[in-house]
Amino acid sequence: MQLRYLGHAAAHLTVGGAAIYVDPFLTGNPLAPPGAADLPCDFVLLSHYHSDHLGDTVELAKRNQATVLTTNEIALELQSQGVQAVGMHIGGHKDFPFGHLKLVLAQHGSGISGGLAAGFVVGSEGKKVYFAGDTALYSDMKLLRQLWGPIDLALLPIGSHYTMDAKDAQVAVEWIDPTYVIPIHYDTFPAIEADGEAFKRAVESTGRSHVVLLAPGATFDL
Ligand code: NI
Ligand code: MN
């Protein structure tokens, strides 16, 4: 599978023959690379309804006749806007054409009344990728590998202010023990400035995980 980083918490995943945007905040994202909204799109994974994650979801889904996978209350809101959406919920999992998707906890607001924010684990091609979404550190992150086996790649926020910071993310890495880590949700705005290089040094000096610092537009093959 190939992951293309689109800046902030946005990514584009090519896996299992499908093209998947994750939290496609592109318009108005100062880090989004040129053409970020023009990639193929079969599905959108939407962790929550805050504008820096919802982003271009509605426009992308409508233009590409793509399906949005998210929590139930957010799916209902999107459906009311004419978007095709599947409403799942925390702890639930389901097979899709691209692989297996599980929704996991994210300790964060959802941006919609009565809703919940989520993280995602995508299992496909024998690999597992954890998209943490916006979240604080929480100890049930330990369950990811206990229940699901090794995580190959984890995308974790490090920007603080709205999510865990780099220090907490380092603890998350110890608990999740992924082979690769991509730090996200930092340096987009002054409020979430963080030192990715320092995070990389700290993580790689203490454990087996490798930190991959992706410039927006760059890809990582797993
Ligand atoms: Ni948020
Ligand atoms: Mn956010």
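Which residue in the turn of the hairpin of strand 9 and strand 10 has a positive phi? Glutamate 125 does, at about 55°. The hairpin leaves 2 residues between its two strands. This is a predicted model, and the report below works outward from that hairpin to the sheet, the helices and the metal sites.

## The sheet

The sheet is open and built from 7 strands, in the order 7-8-9-10-11-12-13. Its pairing is mixed. Strand 7 (93-96) and strand 13 (210-211) are the edges, and each pairs on one side only.

Strand 9 runs antiparallel to strand 8, with 6 bridges between them. In that pairing, lysine 102 stands opposite valine 121 of strand 9. Strand 9 is also antiparallel to strand 10, this time through 5 bridges. There, serine 124 stands opposite lysine 127 of strand 10.

Is strand 9 covered or open? It is mostly covered, with 7 of its 7 residues buried. Ala118, Phe120, Val122 and Ser124 point one way, while Gly119, Val121 and Gly123 point the other way.

Further along the sheet, strand 11 (residues 153-157) and strand 12 (residues 180-184) run parallel and share 5 bridges. Leucine 155 stands opposite isoleucine 182 of strand 12.

## Helix 5 on the sheet

Helix 5 (residues 166-176) lies across strand 10 (127-131), strand 11 and strand 12. It runs at about 160° to strand 11.

Which residues of helix 5 are buried? They are Ala169, Gln170, Ala172, Val173 and Ile176. Seen down the helix axis they fall within an arc of 160°, so they line one face of helix 5. An α-helix has 3.6 residues a turn, so residues three or four places apart point the same way. On the other side of helix 5, Lys167 and Glu174 are exposed.

The buried residues of helix 5 pack against strand 10, strand 11 and strand 12. They also pack against helix 4 (142-148) and helix 6 (196-206).

Methionine 141 ties into this region. It sits in the loop between strand 10 and helix 4. Its relative accessible area is 0%, so methionine 141 is buried. Beyond its neighbours within four places in sequence, methionine 141 contacts Tyr130, Thr135, Ala136, Met164, Ala172, Trp175 and Ile176. Two of these contacts, Ala172 and Ile176, are also listed among the buried residues of helix 5. From methionine 141 to valine 171 the distance is 10.0 Å, C-alpha to C-alpha, with their positions 30 residues apart in sequence.

## Helix 3

In helix 3 (residues 72-80), the buried residues include Ile74, Ala75 and Leu78. These cover an arc of only 100° around the axis, so they lie on the same side of helix 3. Their cover includes helix 1, helix 2 (57-64), strand 5 (67-71) and strand 6 (85-88). Just after helix 3, glycine 82 takes a positive phi of about 85°.

## The two metal sites

The model holds a nickel ion (ligand 1) and a manganese ion (ligand 2). The table sets out their protein donors.

| Metal | Protein donors | Donor distance | Spacing in sequence |
|---|---|---|---|
| Nickel ion (ligand 1) | His48 (NE2), His50 (ND1), His108 (NE2), Asp134 (OD) | 2.1 to 2.3 Å | H-x1-H-x57-H-x25-D |
| Manganese ion (ligand 2) | Asp52 (OD), His53 (NE2), Asp134 (OD), His185 (NE2) | 2.1 to 2.2 Å | D-H-x80-D-x50-H |

How far apart do the two ions lie? They are 3.2 Å apart, and aspartate 134 bridges them.

The nickel site brings distant parts of the chain together. Histidine 48 is in the loop between strand 4 (43-45) and helix 1 (51-54). Histidine 108 is in the loop between strand 8 (99-105) and strand 9 (118-124), 60 residues from histidine 48. The nickel site has 4 donor atoms at angles of 89 to 179°, and its geometry is irregular.

The manganese site also links distant parts of the chain. Aspartate 52 belongs to helix 1, while aspartate 134 lies in the loop between strand 10 and helix 4, 82 residues apart.

Are these donors buried or exposed? Buried means under 20% relative accessible area. Histidine 48 is at 0%, so it counts as buried. Aspartate 134, at 1%, is buried too. Aspartate 52, at 15%, also counts as buried.

Conventions: Residues numbered from 1 in each chain as written. Chains lettered and ligands numbered in written order. Predicted model: local features only at pLDDT ≥ 70, side-chain atom pairs only at ≥ 80, totals over all residues. Heavy atoms only, no water. Pairing = 2+ DSSP bridges. Helix = DSSP H or I, 4+ residues; strand = E, 2+ residues; numbered from the N terminus. Contact = heavy atoms within 4.5 Å. Axes fitted to C-alpha atoms, helices over the stretch in contact; angles between N-to-C directions. Donors = N, O, S within 2.8 Å, 3.2 Å for Na, K, Ca; no water. Tetrahedral: all angles 85-135°; square planar, octahedral: opposite > 155°, others 65-115°. Buried < 20%, exposed > 50% of the residue type's maximum accessible area, 1.4 Å probe, protein only. Arc of directions from axis to C-beta.
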